[in-house]
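Me: I should like a close look at a single part of this model, namely the sheet near the start of the chain and the metal site that goes with it. Please describe how the strands are arranged and how the metal is held.

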Amino acid sequence: MKHYCPYCNSVEKYRVEKRIIEEYKGIKVDVEEKVTFCEKCGNEIIVNNIEDDNLVRLYARYRELQGTVSSEDIVKLREKYNLSQRELTGILGWGKMTINRYENGSLPTKSHSDYLIDLIKDEKRLLEKAKMAYEKKQITEKTFDKLVKNEKKDTDLRGYLEKELVREPNIYNGYKQFDIDKVENLISYIASKVDNLYLTSLNKYLWFIDMVSFQRRAVGITGLTYMKEQFGPVIVGAKYEELSKLEDKYKREDSEKNDGGLISKIKSKGNFDLSDFTENEMEIVDEVIELLKDKSVKEISDLSHKELGWKKTERFKRISFEFAEEMVINERKNF
Ligand SMILES: [Zn+2]
């Protein structure tokens with residue numbers, strides 16, 4: 001391989017040696033780097049793409065050790081609020097290209113990184129910051145509105161869902177009180193494991209998870225209540241509509257079918273937190289996902305129709321968890 005050597009002032013062959021960078025910015029990193037030497041004069045020369053690779057590895061290691069914000073984290077934050085790089089820069093009041101550079105792999109300064117990490121942990125601060133930026137005319141009204149609307153929509157939806165779905169534990173919610181955070185994290189998790197998670201199938205994933213849980217432990221997982229609909233069990237009062245519109249942990253994507261109807265998919269944002277789930281619960285969740293994930297919408301619907309809970313309940317009526325006793329989904333091997 002050849003490269004220009006500034007000492008020889010000509011293009012010369014070079015050789016590559018490996019070296020360890022022990023320390024970077026006062027932190028012990030121990031990262032391997034590739035160093036290039038001119039074969040003719042023996043001086044160390046810089047070969048751009050090799051040097052770039054070295055820096056990528058070094059920065060990645062440094063970030064890992066330092067807890068520095070990653071470019072993916074910044075992109076996720078922006079996408080959640082539908083902000084452009086410019087808009088986020090405006091809110092933060094930083095140099096024009098700062099976010100652009102960080103997303104392209106430049107290493108954020110310690111203070112910028114700490115700031116972003118705090119924002120991601122406590123996103124209410126983003127709205128406060130945007131308010132200030134708007135007053136200082138760093139961002140437009142349109143940008144500010146995006147954040148306000150997002151905040152309002154989410155708070156309204158949550159309040160509404162809790163009012164509608166929180167009930168004393170009874171046989172229709174698996175003797176479990178509805179927990180919106182848990183359900184959100186669960187949906188995000190399921191969506192991360194299932195390639196094409198349709199909203200109609202999501203209802204059945206949740207139902208099976210709760211029913212299997214009730215069968216084994218006499219208590220559900222989500223605290224949701226389900227009713228019988230034409231194609232299978234769904235969350236009572238069609239509250240899956242509102243649930244699917246929460247935007248912290250997943251995103252709903254609608255597309256039009258040939259007949260003009262809507263088909264909705266749920267895409268995980270990958271930021272689910274499973275710390276509220278016990279080992280037992282996760283075992284059940286994973287088992288149901290494993291059973292259903294390669295099945296079509298129709299196949300999943302058909303499976304739900306084999307269950308007594310669906311058969312014995314009248315249309316639009318709530319499905320009792322007492323039918324969990326007779327669940328067949330997890331008893332047959334080949335379906
Ligand atoms: Zn040379």
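**The sheet and its metal site**

Reply: Phe 37 stands opposite Glu 44 in β4. This contact point belongs to the pairing of β3, residues 27-38, with β4, which is antiparallel and rests on two bridges; two bridges found by DSSP are also the minimum for calling strands paired. Strands (E, at least two residues) and helices (H or I, at least four) are DSSP runs numbered from the N terminus. The model is a predicted one, in which local features need pLDDT of at least 70 and side-chain atom pairs count only at pLDDT 80 or more, while totals for chains, interfaces and linings use all residues. Residues are numbered from 1 along each chain as its sequence is written, and side-chain values use heavy atoms, with hydrogens and water left out.

Taken as a whole, the sheet is open and holds four strands in the order β1-β2-β3-β4, with antiparallel pairing. Its edges are formed by β1 (2-5) and β4 (44-45); each of these has a single partner strand, so one side of each is left without a neighbour in the sheet. Helix α1, residues 48-66, packs on the sheet, where it touches β1, β2 (10-24) and β3, contact being taken as heavy atoms within 4.5 Å. The direction of α1 makes about 175° with that of β3 (axes fitted to C-alpha atoms, for helices over the stretch in contact; angles from 0 to 180 degrees between N-to-C directions).

At the other edge, β1 and β2 run antiparallel and are joined by four bridges. Within this pairing, His 3 stands opposite Glu 12 in β2. The two strands form a hairpin with four residues between them, and Asn 9 takes a positive phi near 55° there.

The metal site draws on the following residues. The zinc ion is coordinated by the SG atoms of Cys 5, Cys 8, Cys 38 and Cys 41, at 2.2 to 2.4 Å (donors are N, O and S atoms within 2.8 Å of the metal, or 3.2 Å for Na, K and Ca; water is not among the atoms, so sites may look incomplete). The four donor atoms of the zinc ion make angles of 102 to 118° with one another, and the site is tetrahedral, a label given to four donors if all angles lie between 85 and 135 degrees. Along the sequence, the donor residues of the zinc ion follow the spacing C-x2-C-x29-C-x2-C. Cys 5 in strand β1 and Cys 41 in the loop between β3 and β4 are 36 residues apart, and this pair links distant parts of the chain.

These two cysteines can also be placed by accessibility. Cys 5 counts as buried because its relative accessibility is 0%, whereas Cys 41, at 33%, counts as partly exposed; buried means under 20% relative accessible area, exposed over 50%, and partly exposed in between, with a 1.4 Å probe and protein chains only.

For reference, another hairpin occurs later in the chain, where seven bridges join the antiparallel strands β7 (residues 250-256) and β8 (residues 262-268). In that pairing Ser 255 stands opposite Ile 263 in β8. Five residues lie between β7 and β8, and in the turn Gly 260 has a positive phi of about 90°.

Methods: Four donors count as tetrahedral if all angles lie between 85 and 135 degrees; four count as square planar and six as octahedral if opposite donors are over 155 degrees apart and all others between 65 and 115; anything else is irregular.
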